[in-house]
Amino acid sequence: MKSFINVEDIGDLQKALAEAQEIKNDRYKYQHLGKNKTLMMIFFNNSLRTRLSTQKAAMNLGMNVIVLDVNAGAWKLETERGVIMDGDKSEHLLEAIPVMGCYCDLIGVRSFAGLTDREYDYAETVLNQFIKYSGRPVFAMETATVHPLQAFADLITIEEHKVVERPKVVLTWAPHCRALPQAVPNSFAQWMNAADVDLVITHPEGYELDPKFIGNARVEYDQKKAFEGADFIYAKNWSNPGVTNPADYGKITSKDMSWTVDTEHMSWTNNGKFLHCLPVRRNLIVTDDVIESPNSLVIPEAANREISCSVVIKRMLESL
């Protein structure tokens, strides 16, 4: 596996899930693969779970790890070609990337959407430069439009906790005080479409995700109707994707607090389990009582980030 961005990159999902369980049973089984190999993790944006879980996964596989926080201790990087670099950015990404590739065997990149230029964000401009110029296998640690390591961990968690063969899974928008990217909901929808689940996406009108991520999911604007009979509720805010009105891209066009997931919302489900990628704004996305309830899976879900990343790094090491 030379790159990991979308669900297609992982191949057969059942084989990937079986591999995840194998690694979970013995996290150090494949340490030999990473001996004398180095992972470089490059962060253009903040992280907690991604940083910790990815580094732990690489160490489990016997790798050395270099962590570069671009905004703390590195030269400020220019990402656009054709720019006269007479500002505060001292180095261009097109020189920095091949230099980084000299020092490692694999590269993980975290670079969020700017939420001002939809075309630029959805072209995955930064990530694709790493793929093109680094000379190394590259995986996404959340990009402008996708977060596949999170979605893979979400799927592992659902598989571990489902009580019916084909569960009903609901991705629900929830309000937030800041404009957030669509990467997590995009990937979640993409991976659930590839899995054997009944996926429903619910959000206020105008918040439609890009059709290529919605896939075969049913979109339901009535949140209560969407929640009825659900086995899993995945709550997540995202700013306006600009699908129906490009001028709204990256904006907050609704702050409707009736979409906050509370006990009443969960009562509409089939004893549904609650999921969220974290960090979560309590009593905005979800109330205290829901996230602290026995049906909350946010901690096992976060723990599975180590497992999803282990599978990806293992497969990349095997391809070297």
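Helix axes that meet at under 35 degrees count as roughly parallel, those over 145 as roughly antiparallel, those from 65 to 115 as roughly perpendicular, and the rest as oblique. With that scale in hand, a good place to start in this predicted model is the meeting of helix α2 (residues 49-60) with helix α12 (residues 298-318), whose axes come within 8 Å and cross at roughly 50 degrees. The two helices α2 and α12 are therefore oblique to each other. The crossing in which α2 passes α12 is right-handed. On the α2 side, the residues that take part are Arg49, Thr50, Ser53, Thr54, Lys56, Ala57, Ala58 and Asn60, and they meet Ala302, Arg305, Glu306, Cys309, Ser310 and Ile313 of α12. Sorted by class, the residues of this contact between α2 and α12 comprise five nonpolar, five polar and four charged.

Helix α12 also receives a second helix, α6 (residues 148-161). Here the axes are 8 Å apart and the packing angle is about 115 degrees. As α6 passes α12, the crossing is right-handed. From α6, the contact draws on Leu149, Gln150, Phe152, Ala153, Asp154, Ile156, Thr157, Glu160 and His161, while α12 supplies Pro300, Glu301, Asn304, Arg305, Ile307, Ser308, Cys309, Val311 and Val312. The contact of α6 with α12 holds nine nonpolar, five polar and four charged residues. Readers following α12 in the structure will find Arg305 and Cys309 listed in the contact with α2 and listed again in the contact with α6.

Helix α6 leads on to a sheet. It lies across strands β8, β11 (232-236) and β12, and runs at about 155 degrees to β11. These strands belong to an open sheet of five, ordered β10-β9-β8-β11-β12, with parallel pairing. At the edges are β10 (218-220) and β12 (273-275), each of which pairs on one side only. From one strand to the next, the twist averages 25 degrees. As a general reminder, the strands of a sheet pair through backbone hydrogen bonds, either parallel or antiparallel.

Within this sheet, strand β8 (residues 168-173) repays a closer look. Its pairing with β9 (residues 198-202) is parallel and runs over five bridges. Two positions help to set the register: Val169 stands opposite Leu199 of β9, and Val170 has Val200 of β9 as its bridge partner. Strand β8 is mostly covered, with six of its six residues buried. The cover extends to both faces, since the buried residues include Lys168, Val170 and Thr172 on one side and Val169, Leu171 and Trp173 on the other.

Two individual residues illustrate burial elsewhere in the chain. Ser187 sits in helix α7 (residues 183-194). This serine, Ser187, has a relative accessible area of 0% and is therefore buried, as the cut-off for that term is under 20%. Beyond residues up to four places away in sequence, Ser187 touches Val146, His147, Pro148 and Ala151. Of these, Pro148 and Ala151 fall within the residue range given for α6, 148-161. For a sense of distance, the C-alpha atoms of Ser187 and Val243 are separated by 17 Å, with their positions 56 residues apart along the chain.

The second example, Gly108, belongs to strand β6 (residues 106-110). Gly108 is likewise buried, with a relative accessible area of 0%. Setting aside neighbours within four places in sequence, Gly108 is in contact with Leu39, Met40, Met41, Ile42, Phe139 and Met141. Between Gly108 and Arg136, which are 28 residues apart in sequence, the C-alpha to C-alpha distance is 10.0 Å.

Finally, some loop residues carry backbone features that are worth inspecting. Leu115, in the loop between β6 and α4 (118-122), has a positive phi of about 65 degrees although it is not a glycine. Leu115 is buried, with a relative accessible area of 12%. Leu278, placed in the loop between β12 and α11, also has a positive phi of about 65 degrees without being a glycine. Leu278 is buried too, at a relative accessible area of 16%. The peptide bond that runs from Leu278 to Pro279 is cis, with omega near 0 degrees, and Pro279 is found in the loop between β12 and α11 (288-291).

Definitions and conventions
Residues are numbered from 1 along each chain as its sequence is written. This is a predicted model: local features need pLDDT of at least 70, side-chain atom pairs count only at pLDDT 80 or more; totals for chains, interfaces and linings use all residues. Side-chain values use heavy atoms; hydrogens and water are left out. Axes are lines fitted to C-alpha atoms, for helices over the stretch in contact, and angles run from 0 to 180 degrees between N-to-C directions. Helices (H or I, at least four residues) and strands (E, at least two) are DSSP runs, numbered from the N terminus. A crossing is left-handed if the near helix is turned anticlockwise from the far one by less than a right angle, and right-handed if clockwise. Contact means heavy atoms within 4.5 Å. Ala, Val, Leu, Ile, Met, Phe, Trp, Tyr, Cys and Pro count as nonpolar, Asp, Glu, Lys and Arg as charged, and the others, Gly among them, as polar. Two strands pair if DSSP finds at least two bridges between them. Buried means under 20% relative accessible area, exposed over 50%, partly exposed in between (1.4 Å probe, protein chains only).
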